[in-house]
Amino acid sequence: MITPSRRALLTGSALAVAATVLPSRAMVPASKMQGPGVYRYNLGTYQLTTLFDGVWYLPIDDTFVRNASGAQVNQALAAAFLPPSILPISFTALMVNTGTKLVLIDTGTAGQVADTAGSMLDNLKVAGVDPKAIDTILISHFHPDHIDGLKTKDGAKVFPNAEILVPESEWTFWMDDTNMGSAQGAVKRYFLNARRIFKDLAKEVRQFKPGAEVAPGIESIPAYGHTPGHTAFAIHSGNQSMLAMSDTVRNPYLFARHPDWQPTFDMDGPQAVTARHQMLDRVVADRMLVEAYHFPFPACGHMVKTPTGYELVPVEWQPL
Ligand SMILES: [Zn+2]
């Protein structure tokens with residue numbers, strides 16, 4: 001018979017053995033990896049998948065927003081529980097399965113923009129899709145974070161079977177030698193990068209006119225200002241619609257809450273502000289689901305109007 005004190009002794013020694021065999025959870029090296037960045041949802045008969053690429057933590061200074069002080073920007077970051085003077089820029093591509101075509105809207109960074117981004121292809125694999133299976137790629141504009149995923153760092157094509165549709169006005173601007181000649185700093189680098197990416201893709205690239213239907217049920221919407229040909233996409237299936245806003249609104253805690261702010265990213269600040277208001281007013285009025293390339297993952301939700309701007313209401317994650 002085991003007496004209570006004997007039982008306590010046994011339990012104690014069993015624990016001691018367990019402690020020598022099983023390491024404490026705290027002793028397991030802290031993992032740097034999160035789970036997969038894939039989020040699927042349905043729109044009519046289409047299946048949409050957002051594919052996370054990563055986040056760029058961009059140091060910003062007092063000149064980042066042309067018409068707001070550094071203190072005002074830091075106040076907006078603090079209101080979103082973010083540290084000062086660092087802008088988190090998420091990247092999330094959107095894949096649309098129409099039932100007959102696989103369409104990818106923008107391409108991720110392929111690790112060529114920031115060390116903390118470049119996981120889009122890994123997440124495409126998690127979603128069960130081979131890059132060879134992508135039929136169509138829609139490009140919103142030619143900033144590196146949207147086009148670099150077309151090629152690896154070594155210049156190899158990533159989507160060998162895809163037709164690449166680009167806004168005609170965007171192509172015209174970035175491929176113009178006079179424009180490139182007068183560009184400086186980061187914009188000059190964007191010109192060189194656009195040429196690096198597209199230089200041997202001429203056969204695959206097709207230019208579309210603003211407003212054109214670019215894939216079954218996908219309509220292009222000119223939203224100029226961020227760049228001269230910057231384009232958003234409305235997706236319609238059955239009686240449902242959603243709007244992929246591209247870079248019309250980037251970090252929502254800065255630029256939806258303060259829609260009149262003009263960050264240096266927007267090449268034509270006033271034009272971008274007009275496009276932002278028009279688009280946000282439309283999605284608020286129509287209660288439309290939106291997706292935006294730089295919203296926090298899964299980068300989709302609804303927008304509501306507030307007395308001073310707009311607020312993102314993220315989707316509730318649905319396991320199925
Ligand atoms: Zn962007």
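These exercises work through the fold of a predicted model.

**Exercise 1. Describe the chain as a whole: its elements, its box and its buried share.**

Solution.
Step 1: Count the elements. The chain holds 9 helices and 14 strands.
Step 2: Frame the chain. Along the principal axes, its C-alpha atoms fill a box of roughly 95 × 50 × 45 Å.
Step 3: Check burial. Of the 320 residues, 39% are buried. Buried here needs 20 or more other C-beta atoms within 10 Å of a residue's own.
Step 4: Look at sequence range. Take the contacts with a separation of 6 or more; 68% of them join residues 24 or more positions apart.

**Exercise 2. Find the order of the 7-strand sheet and explain what its edges lack.**

Solution.
Step 1: Write the order. The strands run E8-E9-E10-E11-E12-E13-E14 in an open sheet with mixed pairing.
Step 2: Go to the edges. Strand E8 (213-215) and strand E14 (310-314) each have a single partner strand, so one side of each has no neighbour in the sheet.
Step 3: Add the turn. Ignoring direction, neighbouring strands of this sheet are turned by 35° against each other on average.

**Exercise 3. Trace how E10 and E11 are joined, then place helix H9.**

Solution.
Step 1: Locate the pair. Strand E10 covers residues 231-237, and strand E11 covers residues 240-244.
Step 2: Read the pairing. The two run antiparallel and share 5 bridges.
Step 3: Pick one bridge. Ile-235 has Met-242 in E11 as its partner.
Step 4: Add the helix. H9 (residues 269-286) lies across E10, E11, strand E12 (289-291), strand E13 (300-305) and E14. Its direction is at about 95° to E13.

Notes. Residues are numbered from 1 along each chain as its sequence is written. This is a predicted model: local features need pLDDT of at least 70, side-chain atom pairs count only at pLDDT 80 or more; totals for chains, interfaces and linings use all residues. Helices (H or I, at least four residues) and strands (E, at least two) are DSSP runs, numbered from the N terminus. A residue is buried if 20 or more other C-beta atoms lie within 10 Å of its own, exposed if 12 or fewer, and partly exposed in between; C-beta atoms are placed from the backbone. Two residues are in contact if their C-beta atoms, placed from the backbone, lie within 7 Å. Two strands pair if DSSP finds at least two bridges between them. Axes are lines fitted to C-alpha atoms, for helices over the stretch in contact, and angles run from 0 to 180 degrees between N-to-C directions.
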